[in-house]
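Please report on the fold of this chain, from its sheets and domains to its ligand shell and unusual backbone angles.

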Amino acid sequence: MPEDLFDAVVNLCKRRGFVFPSAEIYGGIRSTYDYGPLGTLMLRNVREAWWRAMVQERDDVVPIEAAILTNPKVWEASGHLATFADPLVDCRNCHERWRADQIDGTCPSCGSKDLTDARPFNLMFKTFVGPVEDDSSIAYLRPETAQGMFVNFANVQSTTRRRPPFGIAQIGRSFRNEITPGNFVFRTREFEQMEMEYFVRPADAPGWFEYWCAERLAWYKRYGIPDRLLRLRSHVPEELAHYAAAATDVEFSFPWGWGELEGIANRTDFDLKAHSAHSGVRLEHFDQATGERYVPYVIEPAAGATRAMMAFLLAAYDEDEVGGERRVVLRLHPRIAPYQVAVLPLSRKPELLELADEVAKACRSRFQCERDDTQSIGRRYRRQDEIGTPLCVTVDFDSLSDRAVTVRDRDTTAQARIGIDGLLAHLSERLGA
Ligand code: ATP
């Protein structure tokens, strides 16, 4: 392992095109990032892995995609306008601003202890809708996706005929004007969330809360994060948000310490009741069979896609020695890795390129696949190891006569000779796809 895992991963991300500073040619903009070709593929895989577990594999969860700009009354009802704030202090010496709860009374920039009193700083980005910039046109970029599910509760319930327990899931961008973003994509002002609101009978809420804590922890393990880097941490009562009866975070052991990957909260009936009160529209469940009427409680697993991607990268980064040579290898789960397969013709001889194209075309029907014919084969294996490609398929001169290729494993570097006819089935089996 490198001494500084964090730097190693950040450098790899830049060098290989996972993540770039945003608008780098203009000097970037603080703590804002653009996802390059590999990062885009990987982030998409993180979303899909979440989607598979939370929507596709379940009978009780339906998806929505709500607007990022919405009626500001949503944020009044949710409490975000009044309370979505962090405590802000100014350093009177160097004029930097800090989150009071993240420093110990000393300015991290200049060391001065001459700080102002903390005052609340609302984290929502404000903008104006339409050509007139006055109070009546103020809107906010959503700071979470969750409210989209609450305000659409009645629409979803009536159009899908769902009854509790059922969930509404959404993946999308959220925006928070964080006072101190940082640690690469761990905390940024624009980020991506994967949230699900699970509506249950109030009496069943504690049981479902435990269920979702276990499910969500298992998801990170299923996609390759080892046990020792994960833990569940329950919030102590003083820490709980105003709407929550219980909350537990899935935490990851980041190089700087344990940090939140995802929060699971029992939000009670706070949100549906608040939106009922503010909108005048009843948001509740009516059971026609029993005549029973109640406002469901909500269990919310709220994860960050961009933060999860960073955890997957940190957990996967490894260095070892192959044939007396140091190599960097990302031991990513096949479903999280940007490419599942790389097709490598041994040389640029036209017959080999032609066969490699045929093999790559077949692979692309099922996997994200890269075809690379530059440099020596050893170099190309290293390049694929470094970006986490689980399997390389090498097309060599024998392939022309025996219609077989060599499949090389990223983790063990073991090679197997496989007939082209059975290649897709072989790759699918090994990739679990
Ligand atoms: P934190 O305590 O780290 O600020 P939070 O408790 O405010 O996070 P939630 O509101 O529970 O976070 O959001 C759910 C998830 O969204 C977090 O667990 C995290 O993965 C992600 N997330 C929240 N804020 C950011 C951010 N600024 N940058 C990247 N991801 C974020």
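Strands β21 (residues 391-395) and β22 (residues 404-409) run antiparallel and are joined by four bridges. Within this pair, Val393 of the one strand faces Val407 in β22. The model is a predicted one.

**The five-stranded sheet**

Both strands belong to an open sheet of five, ordered β20-β19-β21-β22-β23. Its pairing is mixed. At the edges are β20 (369-371) and β23 (415-419), each of which pairs on one side only. From one strand to the next, the twist averages 25°. In general, strands of a sheet pair through backbone hydrogen bonds, in a parallel or an antiparallel way.

A helix accompanies this sheet. Helix α10 (residues 350-364) lies across β19 (341-345), β20, β21 and β22. Its direction makes an angle of about 170° with β19.

**Domains and overall build**

The chain is split into domain 1 (36-70 + 143-313) and domain 2 (339-431). Their C-alpha centres are 39 Å apart. In secondary structure, the chain has 13 helices and 23 strands. Its C-alpha trace spans about 75 × 65 × 50 Å along the principal axes. Of the 433 residues, 36% are buried. Among contacts with a separation of 6 or more, 64% link residues 24 or more positions apart.

**A hairpin**

Strands β17 (residues 317-322) and β18 (residues 325-330) pair in the antiparallel sense, over six bridges. Glu321 has Arg326 in β18 as its bridge partner. The two strands form a hairpin with two residues between them. In the turn, Gly323 has a positive phi of about 55°.

**The ligand shell**

Which residues come nearest to the ligand? Of the 16 around it, they are Phe191, Gly263, Ala302, Gly304 and Arg307. Four elements give two or more residues each to this shell: β10 (190-200), β13 (257-268), β16 (297-304) and α9 (305-316). The most come from β13, which gives four. By class, the shell holds four nonpolar, five polar and seven charged residues.

**Unusual backbone geometry**

Most residues other than glycine have a negative phi, and most peptide bonds are trans. Three sites depart from this pattern, as the table sets out.

| Site | Backbone value | Location |
|---|---|---|
| Pro164 to Pro165 | cis, omega near 0° | Pro165: loop between α6 (153-160) and β9 (166-175) |
| His95 | phi near 70° | loop between β4 (85-90) and β5 (97-99) |
| Phe184 | phi about 60° | loop between β9 and β10 |

Is His95 buried or exposed? His95 has 10 other C-beta atoms within 10 Å, so it counts as exposed; the cut-off for that class is 12 or fewer. Phe184 has 21 such neighbours within 10 Å and is therefore buried, since that class begins at 20.

Phe184 precedes a strand that also serves the ligand shell: its loop lies between β9 and β10, and β10 is among the elements giving two or more residues to that shell. The loop holding Pro165 leads into β9 from α6.

Notes: Residues numbered from 1 in each chain as written. Predicted model: local features only at pLDDT ≥ 70, side-chain atom pairs only at ≥ 80, totals over all residues. Near = placed C-beta within 6 Å. Nonpolar A, V, L, I, M, F, W, Y, C, P; charged D, E, K, R; others polar. Pairing = 2+ DSSP bridges. Axes fitted to C-alpha atoms, helices over the stretch in contact; angles between N-to-C directions. Contact = placed C-beta atoms within 7 Å. Domains from an automatic or database assignment.
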